Amino acid sequence: MSNNILSAHEGYAGWFKFEAFRVDADGNEIPGSRRVAADWFPNLITNAGLDLFGTLSGASSIVSAFCRVGSGNATPAVTDTALGTQVAFSNTLQANTNGVNRSGTFYGWRRRTLRFAAGIAAGTLAEVGVSATQAGPLFSRALILDGGGAPTTITVLSDEVLDVTYELRCYPTMTDATGSVTISGTAYTWTARPLNNASYDYAWKDTLGAAIQPRLTGGGTVSGSVVTDLPAQGAALGTLSTVGAITALTYTAGQYARSFRFDVGLNDGNLAGGIGAFIAGNDSNGTGYCGLWAWGLSPKLPKTNQFVATFTIRFSWGRYTP
């Protein structure tokens, strides 16, 4: 059976928040001293940052491992790889939370608070960014903004600790994507759909910020309700078959898309009535992040032990625009 490509797309956005507080001689936060130095404001994800989704390795390597603050005031550009004038950096993780938003537009989110010890980031700050490594290219850069969205500066005193929280959001394209392929002379229509039943929340939040990559071996956690959430096949899909292996293909810089080959062997996927859909996603112990996606085929693809089926799953990503 010939190769065919099934696609999915996700958009990314990020937000920063600055808080400062004083500590006593024992290093404990002085009650009542915490202040919001800059409330939530958006960032610009760089081109180099988008490339990180295609080049990082493992779920523990993430785009927001380091926070960097500076005093430069140049307008952020997608070509930025560093701050204008860096003052300090930190990878001291103070908090790490995640979740999904179901009020309005659906998205998964992950918040990481990185702490700068007293005196480390003291002075006047005007810019901020996060990166996967201490000196590597910035994933994002932003000027610090006031409540009206205008560039501003904040002052961190020499006896103040600075907490910077970065929230990364993933917005899967919720509208069904469709396409068609011809396999052994037969035309098939495919439908791509993100699965956002509450049972699948783990897939949209747990490893957010890691490389775009589904679980590379068969299996993973999928609830029984997945059957009713799959793209329509013209008939109910009554059987789930955990088969095949997914192989990551080479990422090309600047492409912001990566392909993965899904192989179904002679003795795999031989479902009565044919293959109606494919599922690919990450899990909390996976090697990367992609959410949880299903691709439906209509008509169903007949698969027997006389054929090997090979499919290419293509994940693309970019900056989220409402």
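Here are some short exercises on a predicted model, each with a worked solution.

**Exercise 1. Classify the ring pair Phe-66 and Phe-89: is it stacked, edge-to-face or tilted?**

Let us start with the wider setting: there are 14 aromatic pairs in the structure.

- Step 1: The ring centres of Phe-66 and Phe-89 are 6.2 Å apart, and rings pair if their centres lie within 6.5 Å.
- Step 2: The planes of these two rings stand at 50 degrees. Stacked needs under 30 degrees and edge-to-face over 60, so the pair of Phe-66 and Phe-89 is tilted.
- Step 3: Now place the partners in the chain. Phe-66 belongs to strand S4 (residues 66–70) and Phe-89 to strand S5 (residues 86–90), so this pair ties together parts that are 23 residues apart in sequence.
- Step 4: Check the surroundings. Phe-66 has a relative accessible area of 13% and is buried, whereas Phe-89, at 33%, counts as partly exposed.

**Exercise 2. Describe the pair formed by Tyr-251 and Trp-317, and find the cluster they belong to.**

- Step 1: From centre to centre the two rings are 5.8 Å apart, with 25 degrees between the planes, and the pair of Tyr-251 and Trp-317 is stacked.
- Step 2: Tyr-251 sits in the loop between strand S15 (245–248) and strand S16 (257–264), while Trp-317 is in strand S19 (residues 309–319). The pair links distant parts of the chain, 66 residues apart.
- Step 3: Tyr-251 and Trp-317 are both buried.
- Step 4: Widen the view, and Tyr-12, Phe-53 and Phe-139 join Tyr-251 and Trp-317 in one aromatic cluster.

One more ring deserves a look: the charged end of Arg-111 sits over the ring of Trp-109, at 5.2 Å from the ring's centre.

**Exercise 3. Work out the strand order of the open five-stranded sheet, and look at what surrounds S3.**

- Step 1: The order is S3-S10-S9-S4-S5, and the pairing is antiparallel.
- Step 2: Strand S3 (44–45) and S5 are the edge strands, each pairing on one side only.
- Step 3: Two bridges hold S3 against strand S10 (residues 138–143) in the antiparallel sense. Here Leu-44 stands opposite Arg-141 of S10.
- Step 4: Add the helix. Helix H1 (residues 47–55) lies across S3 and S10 and runs at about 150 degrees to S10.

**Exercise 4. Follow the strand pairings from S13 through S14 to S18.**

- Step 1: Strand S13 (residues 177–183) and strand S14 (residues 186–194) run antiparallel and are joined by seven bridges. On this ladder, Gly-179 stands opposite Trp-190 in S14.
- Step 2: The two strands form a hairpin with two residues between them. In the turn, Ser-184 has a positive phi of about 50 degrees.
- Step 3: S14 also pairs with strand S18 (residues 292–301), antiparallel, over six bridges. Thr-191 of S14 stands opposite Gly-296 in S18.

**Exercise 5. How many disulfides does the structure hold, and why is Cys-290 not bonded to Cys-170?**

- Step 1: The count of disulfides is zero.
- Step 2: The closest cysteine sulfur to that of Cys-290 is in Cys-170, 9.2 Å away. A disulfide needs the sulfur atoms within 2.5 Å, so this separation is too far for a bond.
- Step 3: Finally, compare accessibility. Cys-290 is buried at 0% relative accessibility, and Cys-67 is buried too, with a relative accessible area of 1%.

Technical notes:
Residues numbered from 1 in each chain as written. Predicted model: local features only at pLDDT ≥ 70, side-chain atom pairs only at ≥ 80, totals over all residues. Heavy atoms only, no water. Phe/Tyr/Trp six-rings, centres within 6.5 Å; stacked < 30°, edge-to-face > 60°. Helix = DSSP H or I, 4+ residues; strand = E, 2+ residues; numbered from the N terminus. Buried < 20%, exposed > 50% of the residue type's maximum accessible area, 1.4 Å probe, protein only. Lys NZ or Arg CZ within 6 Å of the ring centre and 35° of its normal. Pairing = 2+ DSSP bridges. Contact = heavy atoms within 4.5 Å. Axes fitted to C-alpha atoms, helices over the stretch in contact; angles between N-to-C directions.
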